[in-house]
Amino acid sequence: MEVHQLTPFLSVSPQLTAADVGLAASMGFKAIICNRPDQESHDQPDTDDIRAAAERHGLEWRYQPVVSGQIADTDVAAFHELMNSLHGPVLAFCRTGTRCTTLWALAEAPRLDVDAILKTTAAAGYDLTAQRDRIKALAGTHSHAEAMHTASRKRHDVLIVGGGAAGQSVAGSLLQRQPDLDIAIIEPRSEHYYQPGWTLVGGGVFERRETVRQMGKVMPDSVKWYHAAASGFRPEQQQVLLEDGEQIGYRILVVAPGLTLDWDAIPGLRESLGRNGVTSNYLFDLAPYTWELVQSTRKGRALFTQPPMPIKCAGAPQKAMYLSCDHWMRQGVLKDIEVEFCTAGAALFGVADYVPALMKYVEKYGINLNYQNNLIQVDGQAKTALFKVTDAEGNSQEVEKPFDMLHVCPPQRSPKLISESPLADASGWIELNPETLQHSRFGDIFGLGDAGNTPNAKTAAAVRKQAPVVAENILLALKGEAPRAIYDGYGSCPLTVERGKIVLAEFGYGGKLQPSFPLWLVDGKEPSRFAWLLKEKMLPWIYWNAMLKGHEWMAGPEILNHRPADHEATQACDFGDRK
């Protein structure tokens, strides 16, 4: 738990969990304020659990939700009233602590000097210099309209929303090409995760700590890091709005926020996660629990689920199942465990060439394949899962299945930041040209990664090929030229069918096979020990030391000598100041 003291009366913190409340009580806090709305992100702990923990520890609880990037004067007044009504010390929290700090700064504007306020927030780790004019306005020295008009003065050549694999890789590729380029990244997280490693954590191969590094260690030194969440886009003004109301300008915008794991789309799932045999390798905190369950399960029924597409790494639900079965077989208990793969889809894998090899392992492990079985509800205490089952004629019925272990791949959707923005297509994803990755309607915006609407597999391997394309096209666009670097839809899914062997699926748009290695070295359509070595030993090193730093080994972009002929969205633009 991070605690940043503003005054002896008030401290702020990033998102708390129920477990943090007891620690807060031991530190002497008497009250907790939550300034974050419920369900703002997929990884947000349940607010009711935090409130209940506060009540158990005798702490006063206040819920004052403030929408990111939309702190109104009424919010400031309400926060001031809370400060006057509570007995301190008080701990306020939101996603990063920025909103709470901003509320305090604006509430104190009529009483404290603006420089004193900004010095206090800076000492606590929050740079609110962009709020200077608004603080002055609330103190009566400027009109509020003047303050908001002058609030945005920061502008970068390239502004990247998202500091995950996609955002960092684009920054690295750009800096390899033009080291003096002015780049900024907007990213609220303090940690950067190697998510492809979570399958191996859940299989007892990796330790969880091997898949995470501090964001500051990953961020390039020359890149400006806005440690905050983006809350909106103003493409006509070439601006991105941050959660504290700050506006950041750009010449080129790269949008790479990832997607949202929609745990709440399945009633009962969020409450069951991490207990009662319910787990998921899609969460950093839960992958070790998967391995605990695999080791402790000796008999009964194990269910592995996959929701409707799109999802990131569509093979991950199967990977968890195959590694579990391999362990149970080695322990001699697989014969006592009924394993079911319940997928909402109508096929085992989307690219037919790899299905025969996978089916051999399905038969080897005695797995029951249940197609068009979509998980719709979980009762952790009763250890039952409810599925909507659709037959070949399209008729559906609800079927309840008991379980001893349940591994869930959650439904996934575009983040609200994207789906409710002018950048979205009709389905809520970033509207991109599938080849150039330029936005279809805004020529100064590019996108990549899981939030895009391009019809490729949503994998880290896809990002590795997309990032050089985007970097090359950005530099062309900055010169007023049409993008000419082309992405062919490459994606890869190393399907871990047993400990020590992988079916290395590599394919592009339309399911066209795109193997990276000659057949004599590895045939991706067959299980391979070389592919396992690649997954376990080589890819993590490549991720941290090459991909994120812009080294494009076997990932250089194809560059045409002419503008792509049949895509109206690929366009050159004048990227000077807009009036």
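Helix H17 bends by about 45 degrees at Met538, and a proline, Pro540, follows within four residues. The model described here is predicted. This briefing begins with H17 and then turns to the enclosed and open spaces, the loops with notable backbone geometry, and two further residues.

**Helix H17**

- H17 covers residues 529-545, a run of 17 residues.
- At 1.5 Å a residue, this helix should span 24 Å, and its end C-alpha atoms are 23 Å apart, so the two values agree.
- At the N-terminal end, H17 is capped by Ser528, which places a side-chain oxygen 3.0 Å from the backbone nitrogen of Phe530.
- The buried residues of H17 are Ala531, Trp532, Leu534, Lys535, Pro540, Ile542, Tyr543 and Trp544.
- Pro540, the proline that follows the bend at Met538, is thus among the buried residues of the helix.
- As general background, an α-helix has 3.6 residues a turn, so residues three or four places apart point the same way.

**The largest cavity**

- The structure holds one cavity of 30 Å³ or more.
- About 50 Å³ of space lies in the largest cavity.
- Its lining is formed by Ser169, Ser173, Arg464, Ala467, Pro468, Met547, His551, Glu552 and Ala555.
- Helix H8 (165-177) and helix H16 (460-478) each contribute at least two residues to this lining.
- The most is given by H16, with three residues.
- By character, the lining residues of the largest cavity comprise four nonpolar, three polar and two charged.

**The second largest pocket**

- The second largest pocket contains about 550 Å³ of space.
- It is lined by 35 residues, of which Met309, Ala314, Gly350, Asn456 and Ala457 are the closest to its centre.
- The lining of this pocket divides into 19 nonpolar residues, 15 polar residues and one charged residue.

**The loop between S16 and H13**

- Most residues other than glycine have a negative phi, and most peptide bonds are trans.
- The peptide bond from Met309 to Pro310, by contrast, is cis, with omega near 5 degrees.
- Pro310 is found in the loop between strand S16 (300-306) and helix H13 (316-331).
- Met309, on the other side of that cis bond, is one of the residues closest to the centre of the second largest pocket.
- Cys313 also lies in the loop between S16 and H13.
- Although Cys313 is not a glycine, its phi is positive, at about 50 degrees.

**The loop between S18 and S19**

- Gln372 is located in the loop between strand S18 (368-371) and strand S19 (373-379).
- Its phi is near 55 degrees, a positive value in a residue other than glycine.
- Gln372 counts as partly exposed because its relative accessibility is 29%, between the cut-offs of 20% for buried and 50% for exposed.

**Gly245 and Cys342**

- Gly245 occupies the loop between strand S12 (239-242) and strand S13 (247-255).
- With a relative accessible area of 14%, Gly245 is under the 20% cut-off and is therefore buried.
- Gly245 and Gly232 are 13 residues apart along the chain, and their C-alpha atoms are separated by 9.7 Å.
- Cys342 belongs to strand S17 (residues 337-343).
- Cys342 counts as buried, because its relative accessibility is 0%.
- From Cys342 to Pro422 the separation is 80 residues in sequence and 36 Å in space, C-alpha to C-alpha.

Terms used. Residues are numbered from 1 along each chain as its sequence is written. This is a predicted model: local features need pLDDT of at least 70, side-chain atom pairs count only at pLDDT 80 or more; totals for chains, interfaces and linings use all residues. Side-chain values use heavy atoms; hydrogens and water are left out. On a 1 Å grid over the protein atoms alone, a cavity is a set of points where a 1.4 Å probe fits but cannot get out, and a pocket is an open set with protein on both sides within 12 Å along at least five of seven lines; lining residues have an atom within 4 Å of a point. Grid points are joined across faces, edges and corners, and a volume is the space filled by probe spheres set on the points. Ala, Val, Leu, Ile, Met, Phe, Trp, Tyr, Cys and Pro count as nonpolar, Asp, Glu, Lys and Arg as charged, and the others, Gly among them, as polar. The expected span of a helix is 1.5 Å times one less than its number of residues. The bend at a residue is the angle between axes fitted to the seven residues ending there and the seven starting there. Buried means under 20% relative accessible area, exposed over 50%, partly exposed in between (1.4 Å probe, protein chains only). A polar contact is a pair of N or O atoms within 3.5 Å; within protein, one must be able to donate a hydrogen and the other to accept it, and residues adjacent in sequence count only if both atoms are side-chain atoms.
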